[in-house]
2 protein chains.
Amino acid sequence: MPTSPSDLAYVPFVSVADMMALVHARGLQRVLSELTDAIEAEFRRWEEYDKTPRVAAHSPGGVIELMPVADDESYAFKYVNGHPQNTRRGYQTVTAFGVLSRVDTGYPILLSEMTVLTALRTAATSAMAARALAAPDPQVMAMIGNGAQCEFQAEAFRGVLGVTRLRLYDIDEAATRKASANLAAAGFEVTACASAQEAVTGAQIVTTCTADKQYATILTDNMVGAGMHLNAIGGDCPGKTELHPDILARAATFVEYPPQTRIEGEIQQMPEDYAVTELWQVLTGAAQGRQGADQITLFDSVGFAIEDLAALKYVHRCVTEGARSVPLDLLADPDDPRDLYGMLRRAAP
Amino acid sequence: MPTSPSDLAYVPFVSVADMMALVHARGLQRVLSELTDAIEAEFRRWEEYDKTPRVAAHSPGGVIELMPVADDESYAFKYVNGHPQNTRRGYQTVTAFGVLSRVDTGYPILLSEMTVLTALRTAATSAMAARALAAPDPQVMAMIGNGAQCEFQAEAFRGVLGVTRLRLYDIDEAATRKASANLAAAGFEVTACASAQEAVTGAQIVTTCTADKQYATILTDNMVGAGMHLNAIGGDCPGKTELHPDILARAATFVEYPPQTRIEGEIQQMPEDYAVTELWQVLTGAAQGRQGADQITLFDSVGFAIEDLAALKYVHRCVTEGARSVPLDLLADPDDPRDLYGMLRRAAP
């Protein structure tokens, strides 16, 4: 007679609908602030993690990547694809899901959608970096590139740094209209601009998050004023950059994981000995962040597995506290671990 | 107002219960035979695959591995852990799940349990190798190690090669009792033996699938007679072997993926220039298999990602033909791919 799987066999699954319900139940602002703190807590423990560059399978149409990372207690990986042509067919360019596991047993303890969660953690990571690097009390943020990530960045910078005035520009006016409508409805003071040059005027922070461009120059040197903090999100794979190298030559550059950023980030344009500071060292106090009010600081963000692990741990904690999930019968759990065959036999109808 | 996710957002999930139902609906023998052919079909296309060694996260208690592989159409990865101490706590030593994706869109098209499926594909791979390498018409198989994999091996060798007489030995008598009872009930002629030496007497095929032993010597040279086929399953990670090196010096050895087998297989005991033949080349006719009735052939099996991809493609085909699965809301699918934030907003309660 078939018996029900034991509790050990079940892994909580957080669907896209569940993730959106979690965000609405806690509030987007609170989730972004909590995520920012959760990611910073893991960045401060940077040296305790076993880190590897992501494992990528490239094809003519795009890439599928696995991003694993672990410390003594937790293991996580994210599956993420990047297929620039997908939107033409009604698919997402990027989709993602992830798993959190216990290192001591190897058992998964959470399976979660990560398309929405990655948007949240990317914005939270940017806010974390800006909190550490930007000049105090930024009021105005320019946002070049008004696609899927734009509004999440704005929300995180409002929650964590108090930014409420936004200047938007995208080469696609429809994207700017979409983001302007969303952000005005969310209470931001929004100015839609006709050029990147116009957008950066008067901004203390500039966020670049364009997509699909190969070696684009979204910002040129003359557009970057003294004391600005640049939050460069869009240049995140080989052959994809947003900033003119002259900006990099002037700026103090901060990165997540140098072996990955030198391949994927803005600094792929620079010589291998171009100096960068690891962001985690700024957060622990081991390295200096901004040096003076006039310095240009640059967060050359490409995304790293520790951010995903922090986000999955955060979602797991929310589930433990009652956030909605569905138990999945993902793991075989025979009464006698050596008797997998007997379990199969007994499941006969 | 929240709207329902579109079909693109859903990924079919095959649970442990669904996998067992699939096996019973089609019949275990048929599933193993079909899997053997499915794996052989992919082995014949070996050169079309983008292969990498597995990505392992080691800890004092065990290992968590990701095994990705892809060709032009399909991408698959398996998550699998190995924690020898787990059984003491009522957990499985090995659990696994996997994902099959389309390379052109990067979208997952199947999430499946793989604890049961790995047991099936491992047995099918062994049967595939023995079909190509063993002397004709084997009647008797010795099985040293009577744990979770034992009965699946027996079923596959019956279905694919017609083996019906089994001689079992395990240092743990309870394991032999468990396997003997299961296999006798399944119609095998089973002899429980008091030693490995006794078990191999009169056997044409010897399957070794012990666990937990470090550099164990399950078989010594004097136990291996002319013409035997050795199916070595248990030696599958660094520091874990089953065969005395003298056997390897006499045998013709066939492997899955040499870069992985030299680290994980029986041949880790041998010099780096120890000659091996890649099994896929035997299957395509590019290399010779058995050379004469007296030769000892050895399949030094460690498991490879192409076997998992073949198994996931097989399960996906079964699902397409009506096998049970549950649709999971794993992928965000906003009406406008650039408006992830708008999708989140509209999901507000």
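This tour goes through a predicted model, beginning where chain A and chain B meet and then turning to the sheet of each chain.

**The interface**

Begin by selecting chain B together with chain A, and display the residues of each that lie in contact with the other: there are 73 residues on chain B, and they touch 73 residues of chain A. The two chains bury about 6800 Å² between them, and 69% of that area is on carbon and sulfur atoms. Within this selection, pick out R338(B), Y341(B) and L344(B), which together supply 11% of the area that chain B buries against chain A, more than any other three residues.

Next, turn to the polar side of the interface, where the count between chain B and chain A is four salt bridges. One of them can be shown by selecting R345(A) and E155(B), whose closest N and O atoms are 3.2 Å apart. If polar contacts are displayed as well, the count between the two chains is 38 residue pairs, with both residues of each pair at pLDDT 80 or more. Helix α11 of chain B, residues 340-346, is the element to colour now, since six of its residues make up the largest share of the side of chain B that touches chain A. Colouring that side of chain B by class gives 43 nonpolar, 17 polar and 13 charged residues.

**The sheet of chain B**

Hide chain A and select the strands of chain B, of which eight form an open sheet with parallel pairing, in the order β10-β9-β8-β11-β12-β15-β13-β14. At the edges stand β10 (189-192) and β14 (277-278) of chain B, and each has a single partner strand, so one side of each is left without a neighbour in the sheet. At the β14(B) edge, select β13 of chain B, residues 252-255, which runs parallel to β14(B) and is joined to it by two bridges; here V255(B) stands opposite E278(B).

Now add helix α4 of chain B, residues 150-161, which packs on the sheet and touches β8, β9, β11 and β12 of chain B, its direction making about 165 degrees with that of β8(B). Helix α5 of chain B, residues 173-185, comes next, lying across β9 and β10 of chain B and running at about 165 degrees to β9(B).

**The sheet of chain A**

Finally, bring back chain A, where eight strands form an open sheet, again with parallel pairing, in the order β10-β9-β8-β11-β12-β15-β13-β14. Select β13 (residues 252-255) and β15 (residues 297-300) of chain A, which run parallel and are joined by four bridges. Which residue of β15(A) is the bridge partner of F254(A)? The partner to label is F299(A). The last stop is helix α5 of chain A, residues 173-185, which packs on the sheet by touching β9 and β10 of chain A, with its direction at about 165 degrees to that of β9(A).

Conventions:
Residues numbered from 1 in each chain as written. Chains lettered and ligands numbered in written order. Predicted model: local features only at pLDDT ≥ 70, side-chain atom pairs only at ≥ 80, totals over all residues. Heavy atoms only, no water. Contact = heavy atoms within 4.5 Å. Buried area = accessible area lost by both parts, 1.4 Å probe. Salt bridge = Lys/Arg side-chain N within 4 Å of Asp/Glu carboxyl O. Polar contact = N/O pair within 3.5 Å; in protein donor to acceptor, adjacent residues only side chain to side chain. Nonpolar A, V, L, I, M, F, W, Y, C, P; charged D, E, K, R; others polar. Pairing = 2+ DSSP bridges. Axes fitted to C-alpha atoms, helices over the stretch in contact; angles between N-to-C directions.
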